[in-house]
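Me: I've got a model open and I'd like to talk through how it packs. Can you take my questions one at a time?

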Amino acid sequence: MTDTIRFVLDGNVVTLRDVDPTRTVLQYLREDRQRTGTKEGCAEGDCGACTVVVAELSADRNRLQYRAINSCIQFLPTLDGKELITVESLAADDAQLHPVQQAMVDCHGAQCGFCTPGFVMSLFAVYKTQENPSRKDIDDALAGNLCRCTGYRPIIDAAKKMYEYGSEISSEDQHWMNCSFSSATENAIEPSEMMTVELLRSLAHSQTLHVQHGNKQYFAPTSLAEFAQLVEKHPDACILAGGTDVGLWVTKQFRDLHTVLYIGNVRELHSASVNRKHLDIGAAVTLTDAMPLIIEHYPDLEELFLRFASPPIRNAGTLGGNIANASPIGDTMPVLIAIGTTIILRKGSKTREIALDDFYLDYQKTASKPGEFVERIRIPLPGKNQCVRTYKLSKRFDQDISAVCGAYALRLKDRRVDHVRVAYGGVAAIPKRAQECEKALLGKEWTEETVRAGMAALDTDYSPIGDMRASKEYRQLTTRNLLYRFWLESSGYEGETNVYNYSR
Ligand SMILES: Cc1cc2nc3c(=O)[nH]c(=O)nc-3n(C[C@H](O)[C@H](O)[C@H](O)COP(=O)(O)OP(=O)(O)OC[C@H]3O[C@@H](n4cnc5c(N)ncnc54)[C@H](O)[C@@H]3O)c2cc1C
Ligand code: FES
Ligand code: FES
């Protein structure tokens, strides 16, 4: 057990003890370190003014993996073992601007400047991870950064231009970049990065981090067995994964979380694998890492994932957190239910597997028992000729929560519906299957008449409510119309559907 949080900032190891475990990284930077470059706009992960970059050791421990996150909802102890990079870290010691900063200056990418550090850090993450981003990559990378005065064109220009300064490195750096850093990798690594790699290796440990502050405590174990023991011992504790829901309980609802159990350091829960039947994703795998695995097998889910919040949220947030949070408007659950996903729940050393469909009982009430947690998510691979789609409706395309999210899994045989599952989010207290609709479709010819019968049956499945996101009438109409859209997209074939070859 250790009580010390250790992370790297500007090449130095910072050690902290006895801090409030729900103090955010942003509060620490601005209030404790007077690093006020990082701004607070919304304090809920929406505006990107607080964006910083976190670097972690890659799986082979030879390189750094850079990811932008929202510091306003990230709790300070979660930095343990990582490097924190803020806008103040970027310029060289002789004040020479970083290529991202120089490009922003040259392209007039700032007006009032409030959003600028956040944009710079999002672009810094792109600069470090992508060599030749497309316009789509740039748009996606900036989906979580809002600017109210400059407008986005000059910032996008800067995103393209920043690579022009990439060659402005010293001859010493050039030497290092031409060298191979270790026998394990063919690629070069910059000297400053090499130092960070060494520092992060020296910080790595397998002890449980236990931070006690007044009546608040935080545990970050590194093994599954220890995590399971802690959850059993503290059944009322708050399990923390990416904190993209939990963070807001603190910053917006001012809730006191007395015991926090962080899942993010549990080694076993970071693994993901695939066998002949399913994808198996650990509860600590971030959405950024889980998405490509899922899209590889379900290519039509790409848009849903691109529209799931923003990269900083997806870099921190997990699929396990989305499922466990049990929000009726969580985006992944309708489609996961439609394709027959199951989850593994663990309590102590015992596990059980249940259908995601059976996990949600009532508004934010799940079948999880005290002392139990979501260990893994098991996603079946698509069946032959199975057609799977999901459609999200929200007020904004990017970075917005669904008003309605519909998901469909269909297989036709001899033009008839041989298998169908339909599920919606946003129209009931839980993400829920439309079983009356399914009954109306099953065994029938996949015709307009059939789909219209299914659309009518949806009114029996759901009685949506109206709220700030959408009226009751809008939800009712779009629930039906999304099914119609699915029929239009999936009915263009003689006899059988084909998940890979349809054109939009
Ligand atoms: C700006 C913003 C935009 C967002 N956009 C979207 C969106 O487009 N679509 C969408 O669906 N969601 C969205 N969200 C919500 C959130 O990002 C997701 O729900 C995310 O998947 C939560 O994962 P997490 O790891 O951050 O969970 P956390 O916040 O860490 O936890 C969420 C809940 O799950 C529990 N929990 C976490 N892991 C486990 C586990 N393994 N076992 C048991 N309980 C667990 C926690 O105790 C908590 O109750 C958004 C959030 C923000 C702040
Ligand atoms: S302050 Fe707005 S995203 Fe963090
Ligand atoms: S420059 Fe003013 S908000 Fe972006």
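Me: Which residues in α17 meet which residues in α18?

Reply: Keep in mind that this is a predicted model. α17 covers residues 448-461 and α18 covers residues 472-490. On the α17 side the contact is made by V451, G454, M455, L458 and D459, and their partners in α18 are Q476, T479, R480, L483, Y484 and W487.

Me: How many nonpolar, polar and charged residues does the contact of α17 with α18 have?

Reply: Among the residues that meet are L458 and D459 from α17, and R480 and W487 from α18. Sorted by class, the contact of α17 with α18 comes out at six nonpolar, three polar and two charged residues.

Me: Are α17 and α18 roughly parallel or roughly antiparallel to each other?

Reply: The two axes are 9 Å apart, and the helices pack at an angle of about 155°. Angles over 145 degrees count as roughly antiparallel. α17 also passes α18 in a right-handed crossing. The angle therefore makes α17 and α18 roughly antiparallel.

Me: What about α2 and α3, how do they lie relative to each other?

Reply: α2 is residues 99-106, and its axis comes within 9 Å of the α3 axis, crossing at roughly 125°. An angle between 115 and 145 degrees falls outside the parallel, perpendicular and antiparallel ranges. So α2 is oblique to α3.

Me: Which residues of α3 does α2 meet, and how many in that contact are charged?

Reply: From α2, the residues involved are P99, V100, Q101 and M104. They meet T116, V120, L123, F124 and Y127 in α3. The residues of this contact divide into seven nonpolar and two polar, and the charged count is no residues.

Me: Which helix gives the most to the largest nonpolar core?

Reply: That core has 139 residues, and V53, L123, L240, L261, I263 and A338 touch the most other members. The helix giving the most to this core spans residues 116-129 and supplies eight residues: α3.

Me: Is V53 buried or exposed?

Reply: V53 sits in strand β3, residues 51-57. Leaving out residues up to four places away in sequence, V53 touches Y66, R67, A68, I85, M121, F124 and A125. A residue needs 20 or more other C-beta atoms within 10 Å to count as buried. V53 has 26, so V53 is buried.

Me: Which residues does A338 contact, leaving aside its neighbours within four places in sequence?

Reply: A338 is another of the core residues that touch the most other members. With those sequence neighbours left aside, A338 is in contact with V388, A407, Y408, A409, R421, V422 and A423.

Me: D18 has a positive phi; is D18 buried or exposed?

Reply: D18 isn't a glycine, yet its phi is about 50°. D18 lies in the loop between β2 and α1. The cut-off for exposed is 12 or fewer C-beta neighbours within 10 Å. D18 has 11 of them, so D18 counts as exposed.

Me: And what is the phi of R415?

Reply: R415 is found in the loop between β18 and β19. R415 is partly exposed, with 15 other C-beta atoms within 10 Å. Its phi is positive in a residue other than glycine, near 70°.

Me: How far apart in space are A429 and D362, C-alpha to C-alpha?

Reply: A429 is found in the loop between β19 and β20. Not counting residues up to four places away in sequence, A429 touches P328, D362 and Y363. A429 and D362 are 67 residues apart in sequence, but their C-alpha separation in space is 6.3 Å.

Technical notes
Residues numbered from 1 in each chain as written. Chains lettered and ligands numbered in written order. Predicted model: local features only at pLDDT ≥ 70, side-chain atom pairs only at ≥ 80, totals over all residues. Core = buried A, V, L, I, M, F, W, Y, C linked by C-beta atoms within 7 Å. Helix = DSSP H or I, 4+ residues; strand = E, 2+ residues; numbered from the N terminus. Contact = placed C-beta atoms within 7 Å. Axes fitted to C-alpha atoms, helices over the stretch in contact; angles between N-to-C directions. Parallel < 35°, antiparallel > 145°, perpendicular 65-115°, else oblique. Nonpolar A, V, L, I, M, F, W, Y, C, P; charged D, E, K, R; others polar. Left-handed = near helix turned anticlockwise from the far one by under 90°.
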